[in-house]
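Please open the structure in a viewer and keep the sequence at hand. The tour below proposes one selection after another and describes what is found at each stop.

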Amino acid sequence: GDSLSGSLSRTVGESVNNYTVNQGSLSLSSNYTLSFVPGVFTINPATLTITAANQTKFVGTSNPEFTVSYSGFAFGENEEVLTVKPVVQTTADPTSPLGVYDLVASGAAAANYTFTYQNGTLTVVPGAPTSIDLASSTVYENTAAGTLAGTLSSTSDDSNAAFTYALVGGAGDTDNSLFTLVNNEIRTTANLNYEQKSSYQVRVRSTTQHGFSLDKEFT
(Lines give C-alpha, C1' and ligand atoms only; values in the text may rest on other atoms or scores of the structure.)
Protein backbone atom coordinates (compact mmCIF):
# COMPACT_ATOMS: atom_id res chain seq x y z
CA GLY A 1 0.00 0.00 0.00
CA ASP A 2 2.98 2.33 -0.10
CA SER A 3 2.96 5.01 -2.77
CA LEU A 4 5.21 7.69 -4.22
CA SER A 5 4.15 11.06 -5.62
CA GLY A 6 5.99 14.09 -6.90
CA SER A 7 5.65 17.17 -9.07
CA LEU A 8 7.48 19.03 -11.79
CA SER A 9 7.48 22.80 -12.27
CA ARG A 10 8.83 25.13 -14.91
CA THR A 11 9.25 28.88 -15.28
CA VAL A 12 6.43 30.63 -17.13
CA GLY A 13 7.72 31.91 -20.46
CA GLU A 14 10.33 29.25 -21.08
CA SER A 15 11.04 28.72 -24.75
CA VAL A 16 9.90 25.78 -26.82
CA ASN A 17 12.29 22.93 -26.03
CA ASN A 18 12.69 19.41 -24.63
CA TYR A 19 13.83 19.22 -21.01
CA THR A 20 15.20 16.04 -19.38
CA VAL A 21 13.53 15.09 -16.11
CA ASN A 22 16.23 13.67 -13.82
CA GLN A 23 16.07 11.93 -10.44
CA GLY A 24 17.34 14.88 -8.47
CA SER A 25 16.99 14.30 -4.71
CA LEU A 26 14.31 11.63 -4.96
CA SER A 27 14.85 8.78 -2.48
CA LEU A 28 12.93 6.01 -0.75
CA SER A 29 13.12 4.31 2.59
CA SER A 30 15.43 1.37 3.22
CA ASN A 31 12.64 -1.01 2.25
CA TYR A 32 13.08 -0.23 -1.44
CA THR A 33 15.67 -0.09 -4.16
CA LEU A 34 15.06 2.88 -6.44
CA SER A 35 15.45 2.50 -10.20
CA PHE A 36 14.76 5.80 -11.98
CA VAL A 37 14.03 6.08 -15.72
CA PRO A 38 14.47 9.68 -16.97
CA GLY A 39 11.57 11.23 -18.93
CA VAL A 40 11.26 14.24 -21.20
CA PHE A 41 9.14 17.31 -20.51
CA THR A 42 8.24 19.03 -23.82
CA ILE A 43 7.10 22.64 -24.25
CA ASN A 44 5.18 22.89 -27.52
CA PRO A 45 4.85 26.14 -29.51
CA ALA A 46 1.69 28.18 -29.15
CA THR A 47 -0.59 28.59 -32.17
CA LEU A 48 -0.92 32.14 -33.49
CA THR A 49 -3.74 32.97 -35.92
CA ILE A 50 -3.00 35.70 -38.46
CA THR A 51 -5.95 37.22 -40.33
CA ALA A 52 -5.69 39.49 -43.38
CA ALA A 53 -7.93 42.55 -42.92
CA ASN A 54 -10.69 43.15 -45.48
CA GLN A 55 -10.11 46.11 -47.82
CA THR A 56 -11.98 48.10 -50.50
CA LYS A 57 -10.60 50.08 -53.43
CA PHE A 58 -11.93 51.86 -56.50
CA VAL A 59 -11.43 50.36 -59.93
CA GLY A 60 -8.35 51.62 -61.72
CA THR A 61 -6.51 52.62 -58.54
CA SER A 62 -3.46 51.15 -56.83
CA ASN A 63 -3.92 48.54 -54.14
CA PRO A 64 -4.15 49.91 -50.58
CA GLU A 65 -1.68 48.97 -47.87
CA PHE A 66 -2.64 45.55 -46.56
CA THR A 67 -2.75 44.84 -42.81
CA VAL A 68 -3.26 41.82 -40.55
CA SER A 69 -4.55 41.11 -37.06
CA TYR A 70 -3.27 38.52 -34.57
CA SER A 71 -4.93 36.14 -32.12
CA GLY A 72 -3.11 33.82 -29.72
CA PHE A 73 -0.08 35.66 -28.35
CA ALA A 74 1.07 34.22 -24.99
CA PHE A 75 2.28 36.07 -21.86
CA GLY A 76 1.17 39.45 -23.19
CA GLU A 77 3.55 39.28 -26.15
CA ASN A 78 2.86 41.09 -29.40
CA GLU A 79 4.07 41.13 -33.00
CA GLU A 80 7.48 42.38 -31.89
CA VAL A 81 8.39 38.76 -31.07
CA LEU A 82 8.04 37.79 -34.74
CA THR A 83 11.40 37.28 -36.40
CA VAL A 84 9.70 37.57 -39.81
CA LYS A 85 6.50 39.57 -40.29
CA PRO A 86 3.75 38.11 -42.49
CA VAL A 87 3.10 39.39 -46.00
CA VAL A 88 -0.29 39.73 -47.70
CA GLN A 89 -0.69 38.99 -51.39
CA THR A 90 -3.54 39.23 -53.91
CA THR A 91 -4.06 38.70 -57.62
CA ALA A 92 -5.72 42.14 -57.94
CA ASP A 93 -3.82 45.06 -59.47
CA PRO A 94 -4.79 48.54 -60.78
CA THR A 95 -6.21 47.03 -63.98
CA SER A 96 -8.44 44.48 -62.24
CA PRO A 97 -12.18 44.71 -62.97
CA LEU A 98 -14.97 44.97 -60.40
CA GLY A 99 -15.09 41.98 -58.07
CA VAL A 100 -13.89 40.40 -54.85
CA TYR A 101 -10.32 39.11 -54.57
CA ASP A 102 -8.67 37.01 -51.86
CA LEU A 103 -6.07 38.56 -49.57
CA VAL A 104 -3.70 35.77 -48.52
CA ALA A 105 -1.35 36.18 -45.55
CA SER A 106 1.74 33.98 -45.19
CA GLY A 107 5.41 33.84 -44.28
CA ALA A 108 5.49 34.71 -40.57
CA ALA A 109 8.17 33.22 -38.29
CA ALA A 110 8.80 33.23 -34.53
CA ALA A 111 10.71 31.01 -32.12
CA ASN A 112 7.79 29.95 -29.92
CA TYR A 113 4.81 29.94 -32.31
CA THR A 114 3.27 27.99 -35.13
CA PHE A 115 0.85 29.78 -37.46
CA THR A 116 -2.56 29.46 -39.00
CA TYR A 117 -3.76 32.00 -41.57
CA GLN A 118 -7.18 33.40 -42.39
CA ASN A 119 -7.81 35.05 -45.77
CA GLY A 120 -9.33 38.49 -46.14
CA THR A 121 -10.95 40.08 -49.20
CA LEU A 122 -10.21 43.03 -51.45
CA THR A 123 -13.39 44.41 -53.03
CA VAL A 124 -13.00 46.51 -56.19
CA VAL A 125 -15.89 49.01 -56.47
CA PRO A 126 -16.91 51.37 -59.31
CA GLY A 127 -16.19 54.91 -58.11
CA ALA A 128 -19.00 56.20 -60.35
CA PRO A 129 -20.12 59.85 -60.29
CA THR A 130 -22.39 60.52 -57.32
CA SER A 131 -23.67 63.91 -58.48
CA ILE A 132 -23.56 66.43 -61.34
CA ASP A 133 -23.92 70.14 -60.66
CA LEU A 134 -24.47 73.07 -63.01
CA ALA A 135 -23.29 76.59 -62.23
CA SER A 136 -25.64 78.51 -64.53
CA SER A 137 -24.71 81.62 -66.47
CA THR A 138 -27.19 84.25 -67.62
CA VAL A 139 -27.93 84.02 -71.35
CA TYR A 140 -29.50 87.09 -72.94
CA GLU A 141 -31.66 86.72 -76.04
CA ASN A 142 -30.09 87.08 -79.47
CA THR A 143 -26.54 86.65 -78.17
CA ALA A 144 -24.19 84.91 -80.56
CA ALA A 145 -23.94 81.13 -80.77
CA GLY A 146 -21.24 79.85 -78.46
CA THR A 147 -22.44 81.85 -75.46
CA LEU A 148 -21.69 80.19 -72.11
CA ALA A 149 -24.87 78.86 -70.50
CA GLY A 150 -23.30 77.06 -67.54
CA THR A 151 -20.35 75.11 -66.15
CA LEU A 152 -20.61 71.47 -65.06
CA SER A 153 -18.89 69.74 -62.16
CA SER A 154 -19.17 66.25 -60.69
CA THR A 155 -18.38 64.39 -57.49
CA SER A 156 -17.44 60.79 -56.77
CA ASP A 157 -16.44 58.73 -53.73
CA ASP A 158 -13.21 58.14 -55.68
CA SER A 159 -11.11 61.24 -55.03
CA ASN A 160 -9.03 60.42 -58.14
CA ALA A 161 -11.98 60.33 -60.52
CA ALA A 162 -11.77 62.48 -63.67
CA PHE A 163 -14.93 63.38 -65.56
CA THR A 164 -15.96 63.97 -69.16
CA TYR A 165 -19.37 65.23 -70.24
CA ALA A 166 -21.78 64.62 -73.09
CA LEU A 167 -25.32 65.60 -74.07
CA VAL A 168 -27.34 62.37 -74.29
CA GLY A 169 -30.81 61.27 -75.24
CA GLY A 170 -33.46 60.46 -72.66
CA ALA A 171 -35.87 62.23 -70.35
CA GLY A 172 -35.23 65.98 -70.34
CA ASP A 173 -33.28 66.10 -73.64
CA THR A 174 -35.83 68.40 -75.31
CA ASP A 175 -33.36 71.15 -76.26
CA ASN A 176 -30.08 69.24 -76.57
CA SER A 177 -29.79 70.34 -80.20
CA LEU A 178 -29.58 74.02 -79.19
CA PHE A 179 -26.50 73.48 -77.02
CA THR A 180 -23.07 71.92 -77.20
CA LEU A 181 -20.48 70.85 -74.66
CA VAL A 182 -16.93 72.23 -74.68
CA ASN A 183 -15.08 70.30 -72.00
CA ASN A 184 -17.30 70.98 -68.96
CA GLU A 185 -19.03 74.08 -70.40
CA ILE A 186 -22.53 74.13 -71.88
CA ARG A 187 -22.64 76.66 -74.75
CA THR A 188 -25.39 77.73 -77.13
CA THR A 189 -25.39 76.69 -80.80
CA ALA A 190 -27.93 79.31 -81.97
CA ASN A 191 -29.36 82.73 -81.18
CA LEU A 192 -32.04 82.19 -78.54
CA ASN A 193 -35.17 84.36 -78.58
CA TYR A 194 -36.84 85.06 -75.24
CA GLU A 195 -40.26 85.69 -76.80
CA GLN A 196 -40.21 82.32 -78.54
CA LYS A 197 -38.93 80.33 -75.55
CA SER A 198 -37.41 81.31 -72.22
CA SER A 199 -36.68 77.93 -70.63
CA TYR A 200 -34.66 75.06 -72.06
CA GLN A 201 -33.98 71.49 -70.99
CA VAL A 202 -30.91 69.35 -71.61
CA ARG A 203 -29.79 65.92 -70.43
CA VAL A 204 -26.10 65.56 -69.47
CA ARG A 205 -24.00 62.47 -68.82
CA SER A 206 -20.88 62.59 -66.63
CA THR A 207 -18.46 59.68 -67.20
CA THR A 208 -15.33 58.77 -65.25
CA GLN A 209 -12.07 57.71 -66.87
CA HIS A 210 -13.05 54.11 -66.06
CA GLY A 211 -16.36 54.26 -67.91
CA PHE A 212 -18.83 54.66 -65.02
CA SER A 213 -21.49 57.30 -65.62
CA LEU A 214 -24.42 59.26 -64.24
CA ASP A 215 -27.13 61.14 -66.17
CA LYS A 216 -28.95 64.27 -64.99
CA GLU A 217 -31.49 66.69 -66.46
CA PHE A 218 -30.97 70.45 -66.25
CA THR A 219 -33.24 73.41 -66.98
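**The chain as a whole**

Among contacts in the chain between residues at least 6 apart in sequence, 57% join residues at least 24 apart. Please bear in mind that the model is predicted. Begin by displaying the entire chain as a cartoon: its secondary structure consists of 0 helices and 16 strands. Next, switch on the surface. The accessible surface of the chain amounts to about 13,400 Å², and 47% of that area belongs to carbon and sulfur atoms. Of the 219 residues, 23% count as buried.

**An open sheet of four strands**

Now select strands 10, 11, 13 and 14. They form an open sheet of 4 strands, in the order 10-11-14-13, with antiparallel pairing. Which strands stand at the edges of this sheet? They are strand 10 (129-136) and strand 13 (179-182); each has a single partner strand, so one side of each is left without a neighbour in the sheet. On average, neighbouring strands of this sheet are turned by 25 degrees against each other, direction ignored.

Narrow the selection to strand 10 and strand 11, the latter covering residues 148-156. These two strands run antiparallel and are joined by 7 bridges. For one facing pair, highlight Leu134, which stands opposite Leu152 in strand 11. When following the side chains by eye, it is useful to recall that in a regular strand they alternate between the two faces of the sheet.

**The hairpin of strands 15 and 16**

Move on to residues 202-208, which make up strand 15, and residues 213-218, which make up strand 16. This pair also runs antiparallel, with 6 bridges between the strands. Select Val202 and, opposite this residue, Phe218 in strand 16. The hairpin has 4 residues between its strands, and Gly211 takes a positive phi near 90 degrees there.

**A stop at Arg203**

Finally, select Arg203, which lies in strand 15. Is this residue buried or exposed? Its relative accessibility is 16%, so Arg203 counts as buried, the cut-off being under 20%. Display the side chains of Arg203 and Asp215 to find the polar contact of 3.5 Å that joins them.

To view the surroundings, leave aside the neighbours of Arg203 within four places in sequence. Among the remaining residues in contact with Arg203 are Ala166, Leu167, Val168, Gly169 and Gly170. Asn176 is also in contact with Arg203, as are Asp215, Lys216 and Glu217.

How values were computed: Residues are numbered from 1 along each chain as its sequence is written. This is a predicted model: local features need pLDDT of at least 70, side-chain atom pairs count only at pLDDT 80 or more; totals for chains, interfaces and linings use all residues. Side-chain values use heavy atoms; hydrogens and water are left out. Two strands pair if DSSP finds at least two bridges between them. Axes are lines fitted to C-alpha atoms, for helices over the stretch in contact, and angles run from 0 to 180 degrees between N-to-C directions. Buried means under 20% relative accessible area, exposed over 50%, partly exposed in between (1.4 Å probe, protein chains only). Contact means heavy atoms within 4.5 Å. Accessible areas come from the Shrake-Rupley method with a 1.4 Å probe; for residues, only the protein chains shown count as cover. A polar contact is a pair of N or O atoms within 3.5 Å; within protein, one must be able to donate a hydrogen and the other to accept it, and residues adjacent in sequence count only if both atoms are side-chain atoms.
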